[in-house]
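Biologist: Could you take me through how to read a few features here, with the general idea stated before each case?

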Amino acid sequence: MSEAQMNENKQGKLEKPESEIKQMWSALIQNKAAVVGMVIIGFLIFIALFGKWLMPYDPNYADLSVNKQPPSVAHWFGTDEQGRDIFSRVIDGTRVSLVVGLTAVSFALCIGTVLGAIAGYKGGKIDTFIMRLMDIMMSIPNILLAITFMAALGRGIDKAVIAIGLVTTPEYARIVRGSIMAIKDSEYVQAAKVIGNSDTKIIFKHILPNVLSPIIVRATLGISTAVLETAALGFLGLGVQPPYAEWGDMLGRARVFIFEAPYMLIFPGIAITLTVMAFNLLGDGLRDAFDPKARS
Amino acid sequence: MAVNNEVLLEINHLSKHFTVEKNFFGKPTKVLKAVDDVSFKIYKQEAFGLVGESGCGKTTIGKMLANVYAPTSGEIIYNGVDLGKLSQKERRAYCKDIQLVFQDPYASLNPRMTIGDIIAEPIHINKLLPAHEIEKRVLYLLNCVGLASHQRNRYPHEFSGGQRQRVGIARALAVEPKLIVCDEPVSALDVSIQAQVLNLLVDLKEEFGLTYLFIAHGLNVVKHISDRVGVMYLGKLQELAEKHELYDHPLHPYTKALLSSTPVIDPKLKRNKERILLKGDVPSPINPPQGCRFSTRCYVGKLEACDKQCPEIIDVTGNKHYVACHKQVQ
């Protein structure tokens with residue numbers, strides 16, 4: 001490249017005020033709700049990483065002499081039926097719950113988006129095949145299907161995540177397919193074809209960015225469902241293995257003592273709500289930040 | 001506008017049928033014949049106008065040429081190559097030669113891309129320029145269509161309809177096409193903007209030596225820009241002639257009706273011909289009339305053949321004035 005060309009190039013670049021990502025970021029941090037969401041998520045990640053040093057007690061140490069104690073100075077969130085410190089267990093459960101929620105949703109999102117995109121864009125027999133398969137999966141209750149997958153995969157939290165991811169895949173596939181069908185015949189998609197784009201490029205560059213909103217909203221809501229479903233699997237002895245702490249599992253076990261010791265239920269419940277709320281707020285912010293119309 | 005005799009594009013017996021309903025076994029039971037056995041040639045550097053009312057198949061022809069739809073049958077021969085016989089991958093190589101300007105500028109631009117990126121994309125995909133030269137070309141194209149360089153990073157929703165259509169034209173020009181299919185490029189615009197965009201198209205044609213297939217539903221717009229004009233009705237080409245020949249001596253009853261429907265601007269000027277009002281609606285293309293497509297609305301006395309046999313389109317005057325009407329053959 002000659003020097004003249006380079007100069008021109010620089011000038012060309014100078015006219016570009018901000019990159020796409022920078023614009024999105026500045027739109028995101030101007031959105032107060034999204035910032036609150038990000039702060040909470042940051043806080044949760046901090047706890048997940050450094051919780052080990054913040055716990056006053058060993059979360060798995062059972063002392064039956066102090067079981068089912070209401071919140072006090074010694075035990076901030078009280079103790080459970082086995083006398084374990086709930087505060088320590090909530091902190092310890094953060095890591096597992098965050099990982100479970102995020103991984104299961106990402107798993108379902110990736111597979112569901114690809115399947116839904118192919119079905120919606122291609123149509124015809126491929127569409128029928130994929131969507132009937134999804135219908136079959138949806139017709140079986142989630143937890144039953146997850147148990148079936150676990151029976152095939154084996155026990156353990158990692159397998160529970162895969163099972164939950166697979167089970168929730170049809171929901172994403174449906175949403176993506178529907179959104180794609182709504183815009184695949186629009187003129188700008190046709191225009192993308194006229195200028196010589198391949199199908200893959202049309203789907204990923206022109207269609208998916210325009211159907212992001214419902215997908216993001218569903219995914220942020222999906223995190224809570226994933227946490228709760230992991231809890232249900234744990235309750236059946238298929239998820240997190242005792243004595244390890246996990247919010248959903250704590251909630252499931254505390255259910256029996258709901259009138260006797262409500263605090264056993266309240267604190268893991270608050271933790272789940274807070275997480276879900278944080279992801280929803282961030283999700284809404286992301287949706288607006290991705291949309292150039294909402295940005296301006 | 002000099003028209004030479006080199007054929008750029010030829011379509012032979014082109015048809016496009018859409019399946020409307022299928023039975024349980026997937027066999028089509030209702031078929032919409034959007035385009036039915038249409039043939040014509042487009043010469044290099046001419047502007048070929050295609051008119052007809054909504055639903056007559058003119059847009060479908062344009063979109064088949066631009067690779068949006070695949071033809072059901074017939075040939076699209078571009079520079080001696082039958083595009084219909086190519087695989088999708090081979091077909092894409094011709095995208096840079098035939099481009100399309102869409103009807104609705106509000107729907108044809110991706111709302112998530114800046115207009116600069118929209119114009120740069122076709123250059124990028126077809127690998128026409130090295131990466132560092134693309135930006136320069138984008139700014140040049142923006143200037144060509146009358147937009148300013150500083151608008152490069154704006155999104156489509158920040159522009160008016162006329163400006164968006166200019167972006168659409170710049171996108172079509174980006175790959176240096178030989179043929180541009182203009183699919184009613186001004187029908188979605190205000191009348192004041194229509195003239196601007198039409199004049200831009202005329203200027204660009206001369207500047208870049210383009211060939212146009214200009215689709216419109218009004219004869220007045222086509223008159224301004226075209227060299228030859230084809231008239232379509234219900235999926236079939238009814239009449240085809242050089243512009244002045246068609247406007248001064250229309251032969252097909254449908255063309256006559258179309259011409260008489262064009263408003264006369266000066267109230268003092270009387271219409272030189274009687275106003276022809278067509279009765280009834282256009283028949284459904286799912287179940288078109290048996291014989292001549294126009295037979296159900298034709299106001300000229302019918303012949304026996306009109307209801308039975310679809311007339312061939314033939315040169316009746318020997319002056320390259322083609323018409324599909326039994327009465328003209330006699």
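Biologist: Leaving out residues up to four places away in sequence, which residues does B:I119 touch?

Modeller: The model is a predicted one, and in it B:I119 touches B:V138, B:L141, B:L142, B:V167, B:A170, B:R171 and B:A174, once residues up to four places away in sequence are set aside. B:I119 also belongs to the largest nonpolar core, of 159 residues, where B:I119, B:A170, B:V181, B:L213 and B:F214 are the members that touch the most others. The largest share of this core, 15 residues, is supplied by helix α4 (residues 86-122) of chain A.

Biologist: How many angstroms should helix α4 of chain B span, and what does the model give?

Modeller: With a rise of 1.5 Å a residue, the 14 residues of helix α4 (residues 131-144) of chain B should span 20 Å, and the end C-alpha atoms are 21 Å apart, which agrees. Its buried residues are B:E135, B:V138, B:L139, B:L141 and B:L142, and viewed down the axis of α4(B) they fall within an arc of 160°, so they line one face of the helix. Among them, B:V138, B:L141 and B:L142 are contacts of B:I119. After α4(B) comes B:G146, with a positive phi near 85°.

Biologist: How should I read the sheet in chain B?

Modeller: In general, strands of a sheet pair through backbone hydrogen bonds, in either a parallel or an antiparallel sense. In chain B, 4 strands form an open sheet in the order β2-β1-β4-β5, with antiparallel pairing. Its edge strands are β2 (28-43) and β5 (81-82), each of which pairs on one side only. Strand β1 (residues 7-22) of chain B pairs with β2(B) over 11 bridges in the antiparallel sense, and B:I11 stands opposite B:F40 in β2(B).

Biologist: Is A:A33 buried, exposed or partly exposed, and which residues does it touch?

Modeller: A:A33, which lies in helix α3 (residues 32-50) of chain A, is partly exposed, because 14 other C-beta atoms lie within 10 Å, a count that falls between the cut-offs of 12 or fewer for exposed and 20 or more for buried. Not counting residues up to four places away in sequence, A:A33 touches A:L281, A:D284 and A:G285. A:A33 and A:K52 are 19 residues apart in sequence, and their C-alpha atoms are 29 Å apart in space.

Biologist: What confidence scores go with these readings?

Modeller: Where pLDDT is low, predicted coordinates should not be read in detail. Chain B averages a pLDDT of 88, with 96% of the residues scoring at least 70, while the model as a whole scores ipTM 0.85 and pTM 0.81.

Conventions: Residues numbered from 1 in each chain as written. Chains lettered and ligands numbered in written order. Predicted model: local features only at pLDDT ≥ 70, side-chain atom pairs only at ≥ 80, totals over all residues. Helix = DSSP H or I, 4+ residues; strand = E, 2+ residues; numbered from the N terminus. Expected span 1.5 Å × (residues − 1). Arc of directions from axis to C-beta. pLDDT = per-residue confidence, 0-100. Core = buried A, V, L, I, M, F, W, Y, C linked by C-beta atoms within 7 Å. Contact = placed C-beta atoms within 7 Å. Pairing = 2+ DSSP bridges.
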